[in-house]
Every structure is written in structure tokens, then in C-alpha cells.
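Please examine the structure below. The questions that follow ask how certain descriptions are justified.

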Amino acid sequence: MIVANFFKMMELNFTVIERGSEIGGTWYWNSYPGIGCDVPSHLYSFSFYLKPNWTHLFSYGAEIHKYMMSCFYHFGLGDNIGRGQFIFRVCSINKTSCWCLIPKKEFGTEITRAFWNDKTRLWEITKLKDGKTTEESYNVLISCAGGLHRPNWGGFKGVEKYKGLKVHTTRWPQDLDLTGKHVGIIGSGASSIQIIPTIVRDFQIKKLVHFQRNAAFVLPRYQFAYSDRAKSILSIFPFGILYRWSQYLIREIGFFVLLRFWKLGVNKLVQKLHAAGIRKYVKDKRVAEAMVPDYTMGCKRVLISDEFYSALNTPCYHLDNSGIVELSEKGIITKDAEHELDVIIFATGFDMSSNFNFLVEHNPHLEMLRHDAEKKTFWGIFYPKVPNLVALLGPMTALGHSSIIFMIECQLQAIINVIKMLFEERKDCFVVTDKAVNEWNEEWIERIENSIWARSTCVSWYQKGDPNNRAWVLWPGSTIEYWWRTRNIPKKNFDFFN
């Protein structure tokens, strides 16, 4: 949506292809009980479309989706915008690029194949909609597919044997009633710590079995609702902007204190306070000890919740962290027990590697995007040896402390800068140089190996899919640094040609 808004202002001819039936991205595909954002509402919003009347400090999924829809209609993007793969055309007139606005959007459409044709200098796209395929050619391909929408079922043995109801958090049935049921939930990440308090509150569950592999750091959320007076004040310039900046700076300071300079020992102090809090509020001593993480805080994603630990005290809650052996027809078999379950909730995350299948399977130079292949990009946006391809939220751009919306806006600035260079050069194609990619990847490796996410001291899902066990999804620095790098991208890092 952000790309479409700025390309519309630039009067570019573009098409948006969206797999879903409407916009929303993560907040369209995910609607499980208790879903919310762990970034403050005023920070998790576009800088060019601020919302002063957020209802809570941390917004819930439905309100964020509503905000996205509001942005959609406010900027008149109904003829242009969706979510997913994003494409625009260039028409060449006397070797001078001519760009014009031709509004077009395609919802409920998926790109199944994207192939760069070196002879025609075009992206050949195969689209699937309502069981029918069509083909078109485009000059530039921009992937805005994101990563939090394809379910990862965890790879457990015997999943196909289970006869009960299997539910993944990203495919939640809105009419699901858990009252009187024996329910199992697999996972201890962000989805799990949001779902557990909500379902034990909203349903009279007979038994809830929580299958946990590793404990997470769950810090207080300090959630509160904004009063009408607060909303009114935040709607007055410059109070809303100053408040947003205060939220941003708090998280940047937190990055330096807890993540960048983690060896100073602040983490250890917070860990001790965290462990003490768990032992104080969780009544079952065995459960309390199982909830104390055994790794350095920050190595894995730090979660926030005000209700999770208190939910562990409900009579229906049971913890099994002995390890899942397999699923049976009736439930889950672990090393310690066999549990008969009516419903199994898979809070097991997302399949991020398959998001690039439409590219990887048809472009040899993008083999690096396969699972267990070493990723190489330029700032997570541009890819070597593949002309006219850019991606938002590619490898090496994820955060553990701030708003990904900020990163997306920085990436868009970089893309616009390269398009302007393309205009200036009066060429049809661009590609990042191997030198730029190699220099950045060498720097990234050195920095990640000396960070809190180093493979020598940390094992996390950030490393999953990398043959060297490096945290390939993460940006190793602050968001201030990322903004500084992307605001004026060097022309020498790109080749332009016809």
C-alpha cells in the first residue's frame, strides 16, 4: 500500500497483484483470539498518515486492519492497491522512459511464476485467479509479499494421522467454540502468549495442554486505553508527533542498552528480575521454573503480555515441555505422556521460505532464497545478477526492537532513489553490483557474528534456513542507521543498461 501511494503521486504506471480478497497483509491473514501488535500504535503507523485516536497503547489486530483500510480509501488507492507482488511497467519512447498512471489492481490473484527474460529485458509473470492462469510481461517486479501469512505446521511426525480439528493461528475459524473441549496448543512464541490468556478467559475449556519447547522472555506490556482527552490532545500539532517520536527514541535507546551493548550486563539484571517475577506470580513451582528462559535475553524475540503468566494459574492449564514425539489419531504423544485432544492449535509460526517460490524456481541467480541456502542481498532490498527486482522486508531487515513500518518506509525511499537514477540515466534496467553486495554481506557477517545473535552464543528461529546458522533475517544495527544508509543510496552501487 505504501509503495502504491507514492508511485501514484509519481504518476507511474503500475499494477498491484494481491493473493487475498482485500488489503491488510498480516492483519488480514491473521485473526486469532487476542491478536495484537507488540509495537506501540502511534509508532506502528505510516509517517504520512498518522492516527491520533488509537484506542490502546498497543493496538489489536482488528483496529490495525481498520487503519489499513482507512489509509486505502483516504489516498484513493481503490484502483491500485492490494498486498503481495507489486509490479509496474515502463514504456519506452525514443529511448526515453515515459511513465504514466494506469490504475489497476487484482485481488484474489497469486503469482505462480516470475521469470526474468534476458532477451526481452522483461519480467514474464504467470498469474492464477479462480483456477485460471494468465500471462503478462512487466519491466520491474517489486515483491511486497511479507512473511507472516503462510502457515508452518511444525514438521511433527504423524500430523496427518490426527482425526480431531487442527487449527493454525493464521487460519483461525471465526466460529470456533472451545467450550468444554480438550485443547492442545503447540508453541511458546508471540501467537501462543496472546492466544492462551484470551481463550481461557473467553471459553470454559475443560483442559488446555500447552506444549512448550523453550521458554520465552515475556515482559509486561503495560497496556492501557487512551482517554478521549488524550486522543484530543494527540490530535493537536505537534503533540501527536512528539509522542510518536518519544516512543521511537525509547526503543532505539533500548536497542543500544539491551541488544547492541548487551555485554554491559543490563540484560542479566533484567533476567534476574524477570525470573523473580515468574516465581512470584506463577503458583505451580514446576510450571514457574519451566517458564524461566535459559538463554541471554535478546537472543530470541522478547515478547510482551500483561496476562500470560496469570493465565498459567487457571485450573484448566497444564504444561508439557518434555518434547513432542508424534501425533496420534486421538492427540499428541510426548516423552512423558499421551494426551487425548479435541482440538490442536498450531502456534508454530510461518513458512517464510515458500514466499519466494514463484521467483526461486525460475531464476537460477535467486537459488539463494531457497531454504538452507546462504542469502546475499544489498540491504535486504536488491539482489545480485537479477535486474529490475526489488523486495520489501527481504533477508537482513527484520527487527527485534522497533517498528517494521519504519523499515518499509526506508526501503521505499531507496527504491524511489534508484528509479530516479534510472530516469536520469535514461535506461530501462538496473541491477546492484556484485561489489556492493559482497561488501555489505561481509560487513553483515562480521557484525552479526559479534552481536547478541551470534551463532556461537545464540540458537534461535532467526537462524532457521541458513546453512551457516547465522541469523539471516535480522538487521544488525539500529533503525537510525538503516534510515541513514537508505536515504541517499550511492549510484556507484548499481549498473544501468538497456
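**Helix H6 and the nonpolar residues**

Q: How do you know that the span of H6 is close to the one expected at 1.5 Å a residue?
A: H6 has 22 residues and reaches 30 Å from its first C-alpha to its last, against an expected 32 Å. The expected span is 1.5 Å times one less than the number of residues. Helices are DSSP runs (H or I, at least four residues) numbered from the N terminus. This is a predicted model, in which local features need pLDDT of at least 70, side-chain atom pairs count only at pLDDT 80 or more, and totals for chains, interfaces and linings use all residues. Residues are numbered from 1 along each chain as its sequence is written, and side-chain values use heavy atoms, without hydrogens and water.

Q: Why is Ile253 called exposed?
A: Ile253, found in helix H6, has a relative accessible area of 54%. Exposed means over 50%, buried under 20%, and partly exposed in between (1.4 Å probe, protein chains only); Ile253 is therefore exposed.

Q: Which residues of H6 are buried, and what covers them?
A: The buried residues are Gly240, Arg244, Gln247, Tyr248, Arg251, Glu252, Phe255 and Leu259. Their cover includes helix H5 (228-234), H11 and helix H13 (479-487).

Q: What makes the largest nonpolar core a core?
A: A nonpolar core is a set of buried Ala, Val, Leu, Ile, Met, Phe, Trp, Tyr and Cys residues joined through side-chain atoms within 4.5 Å. The largest has 116 residues, and Phe7, Leu208, Phe378 and Phe382 have the most contacts inside it. Helix H11 (residues 404-425) gives the most to this core, with 13 residues.

Conventions. Helix = DSSP H or I, 4+ residues; strand = E, 2+ residues; numbered from the N terminus. Contact = heavy atoms within 4.5 Å.
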